Amino acid sequence: MHKYILLATFFFMIFSCKTGQSIKPVGPLPSTKQLAWHEMEYYAFVHFNMNTFTNMEWGLGGESPEQFNPSELDTRQWARVVKEAGMKGIIITAKHHDGFCLWPTSTTEHSVKNSPWKNGKGDVLKDLSKACKEYGLKFGVYLSPWDRDHKDYGKPEYITDFHKQLKELLTYYGDIFEVWFDGANGGSGYYGGANETRKIDSNTYYEWEKVTKIVRKLQPNAVIFGDGGPDVRWVGNEEGWANETNWSIMRRDEIYPGWPRYIELRSGHEDGTHWLPAEADVSIRPGWYYHSSEDHQVKSVPQLLDIYYNSVGRNASLLLNLPVDNRGLVHETDVQQLIALRKQLDMDFSHNLAKDVKVSATNVRGKSYEYSAGLINDEKKETYWATNDGVTKASITIEFDIPTEINRILLQEYIPLGQRVQNFIVEVQVDGHWEEIDRQTTIGYKRILRFNTVKASKVKIHVLNAKGAIALSNMEIYRAPNLLIEPQIIRNKNGMVSLLVPDKNVEVYYTLDGLSPSISSIKYEKPFLVNQSVMVNCMAYDPEKKQQTGTVSTYFDVSKKEWKVIGATSGNIQDGDKMIDDNPKTFWATDKGVKKPQEVVIDLGKEHQLTGFTYWPIQERWSFGIITHYEFLVSADNRSWETVAQGEFGNVLNNPIEQKVKFNAIKGRYIKLKGIEVMGDDFRTSFGEVGIITSN
């Protein structure tokens with residue numbers, strides 16, 4: 001009996017220690033709704049609206065509701081894809097700048113109620129909110145303050161309708177986790193037929209205090225996004241990354257819509273007055289809305305991985321945009337990349353090597369179990385290791401039973417008590433010696449570090465400085481597998497071919513004889529010369545897992561080392577090399593405003609037996625001057641020319657990939673490509689890359 005009394009007394013003393021040793025908050029703290037938002041981490045933006053059907057990014061407002069007519073709209077497909085991709089919610093562009101509303105609002109006729117879709121009886125918001133609920137996703141809304149259709153925009157009457165639209169969105173579609181306001185405000189527009197430019201004071205015109213009250217009343221658990229919040233801030237770019245130093249706090253009262261010091265949004269303010277964490281928004285394609293011309297420009301898995309690690313891995317949330325196409329579906333190519341990203345992330349974080357291993361710390365708050373080192377790897381978000389007041393420099397060490405390969409470390413602070421860590425170092429013990437592998441600044445809600453694989457016996461996180469007592473809630477360690485994806489094949493103007501993979505531990509094998517590559521083929525070690533017509537076939541191989549990718553192939557012809565652009569109808573010919581550098585991402589263009597078809601003349605350096613030519617359209621997001629109808633000529637002496645091909649590049653505007661044209665064999669040293677008809681209002685012509693096909 002006495003034994004149980006003593007045990008009870010012992011545990012009472014242990015657990016009662018926490019009251020006396022409770023850690024004091026530091027700086028601004030997150031609200032309950034902000035804490036819930038932090039845990040979202042990765043969710044989808046869906047840009048789908050009138051622009052999807054007009055092939056624009058910013059509509060002008062004068063579009064007809066009849067143009068909105070998706071043939072296969074399926075919000076359940078969106079939700080299913082988002083769920084399978086590992087995202088936790090969807091934010092939909094309920095109304096973009098053109099003013100078209102995806103729900104049957106009472107404020108305007110410019111909405112789905114006057115579209116042919118579902119005979120005007122449809123409601124995209126209703127369908128999507130229902131689909132999100134079915135798939136266990138959170139639902140959010142984007143409402144553009146700017147309205148290029150509304151006749152009263154710029155006047156007080158519009159604000160009444162704007163606020164009413166907000167109330168409708170927050171009343172009829174269930175729980176909303178985030179309300180998203182764009183920072184683009186005021187300018188030219190249709191405005192009910194006025195077709196004029198209207199300017200407003202974006203800081204005062206929309207009556208933001210009233211907007212906030214509406215959200216707080218109707219959706220008290222929703223966070224509000226804007227340049228300066230008030231709950232979530234823009235990260236300061238549309239590329240999906242935060243700075244390595246990223247505070248979740250800012251001097252919020254300094255910030256207003258269109259704040260010019262947007263670069264500060266990437267790092268926050270160490271002396272911030274309000275909790276204002278960063279959301280990193282980026283599209284899976286160059287544009288925010290769907291354009292068939294970008295079907296070949298969906299971001300690759302390595303690009304998406306970099307975005308993830310540079311957003312979620314840098315104390316920001318990732319809002320990845322999916323431009324739903326004009327059928328009303330997430331495009332197949334986008335789905336493929338989303339699922340590939342999910343599979344890779346699942347592999348990267350499949351097994352937490354820090355779980356249930358020995359942990360020690362140089363300081364434990366009050367020497368209490370309630371703040372012990374072992375709480376950092378118990379996988380419970382509500383527990384944390386903490387140091388004594390005044391101890392802002394300390395280290396915590398994880399020790400493996402045997403040397404273990406690692407290449408990822410995930411850290412989290414206990415942010416309900418504030419963000420504290422200012423600087424820290426990561427060290428590993430290899431063969432009995434300590435090595436520094438990274439030196440960083442902030443941690444915040446989540447920090448993920450990537451580094452080359454090391455075989456470590458111990459891992460130490462050494463906090464150099466913090467704003468108060470250290471409070472770390474989680475540490476995870478992983479050995480991510482090699483990133484095995486198909487190689488990228490590129491060639492420079494000198495004819496040197498490179499076969500690129502993002503992971504240095506992955507091997508590449510290739511053939512030049514038309515056969516499929518295997519691990520018995522030529523192993524790629526360094527760039528090699530290709531100066532004749534040949535097909536390069538290659539594949540990537542992971543020697544650890546004995547796995548390989550499929551084969552990728554690229555045809556190359558003679559190199560362009562000796563080529564020169566010697567003539568053009570207009571434009572700076574000195575920059576002409578950009579169309580013959582074997583890089584379609586660079587381009588050259590003739591002058592603006594020209595009134596007749598433009599042409600370029602290229603000297604191939606010597607005579608070739610020509611059997612065709614190639615043309616890469618410009619690959620810029622805002623393309624122009626793409627040749628739709630061409631004439632191709634060949635000459636032996638740059639005086640007498642023979643037209644060998646003329647016609648149309650079919651569907652090149654919607655699918656701007658390399659165009660190949662064959663013709664009867666002819667010898668020549670000089671070639672001329674003329675843009676008979678081009679995309680645009682004049683004859684300005686652009687060239688991403690020009691090439692030839694030979695039978696040498």
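Reader: Why are Glu-599 and Lys-672 both called buried?

Author: Good place to start! This is a predicted model, and the word buried is kept for residues with under 20% relative accessible area. Glu-599 and Lys-672 both fall in that class, so each of them has a relative accessible area under 20%.

Reader: How do you know that the side chains of Glu-599 and Lys-672 meet in a salt bridge?

Author: Look at the distance from N to O, which is 3.6 Å for Glu-599 and Lys-672. The cut-off is 4 Å between a side-chain nitrogen of Lys or Arg and a carboxyl oxygen of Asp or Glu. A value of 3.6 Å is within that limit, so the pair counts as a salt bridge. Glu-599 belongs to strand E30 (residues 598-616) and Lys-672 to strand E33 (residues 659-678), so this salt bridge ties together parts that lie 73 residues apart in sequence.

Reader: What makes Asp-582 and Arg-491 a salt bridge?

Author: The same kind of reasoning works here: N to O comes to 2.8 Å for Asp-582 and Arg-491, and the limit is 4 Å, so the name fits. Arg-491 sits in strand E20 (residues 488-491), while Asp-582 is in the loop between strand E28 (564-568) and strand E29 (588-589), so the pair links parts that are 91 residues apart in sequence. Both Asp-582 and Arg-491 are buried.

Reader: Is Arg-639 buried or exposed, and how do you know?

Author: Arg-639 has a relative accessible area of 67%. Exposed means over 50%, so Arg-639 is exposed.

Reader: And what is Asp-637 called at 30% relative accessibility?

Author: Partly exposed is the term for Asp-637. The value of 30% lies between the 20% and 50% cut-offs, so neither of the other two words applies. Asp-637 also forms a salt bridge with Arg-639, since their closest N and O atoms are 3.7 Å apart and the limit is 4 Å.

Reader: Which residues do salt bridges with shared partners join into one network?

Author: They are Arg-251, Glu-254, Arg-261, Glu-264 and Asp-271.

Reader: How many salt bridges does this rule give?

Author: The count is 38. In general, side chains of opposite charge can pair when their charged atoms come close. This chain carries 81 positive and 89 negative side chains, and the centres of the two sets lie 4 Å apart.

Reader: How many of the 696 residues are buried, as a percentage?

Author: Buried residues make up 55% of them. Each of those has under 20% relative accessible area, because that is the cut-off for the word.

Conventions
Residues numbered from 1 in each chain as written. Predicted model: local features only at pLDDT ≥ 70, side-chain atom pairs only at ≥ 80, totals over all residues. Heavy atoms only, no water. Buried < 20%, exposed > 50% of the residue type's maximum accessible area, 1.4 Å probe, protein only. Lys, Arg positive; Asp, Glu negative; His and termini not counted. Charge placed at Lys NZ, Arg CZ, Asp CG, Glu CD. Helix = DSSP H or I, 4+ residues; strand = E, 2+ residues; numbered from the N terminus.
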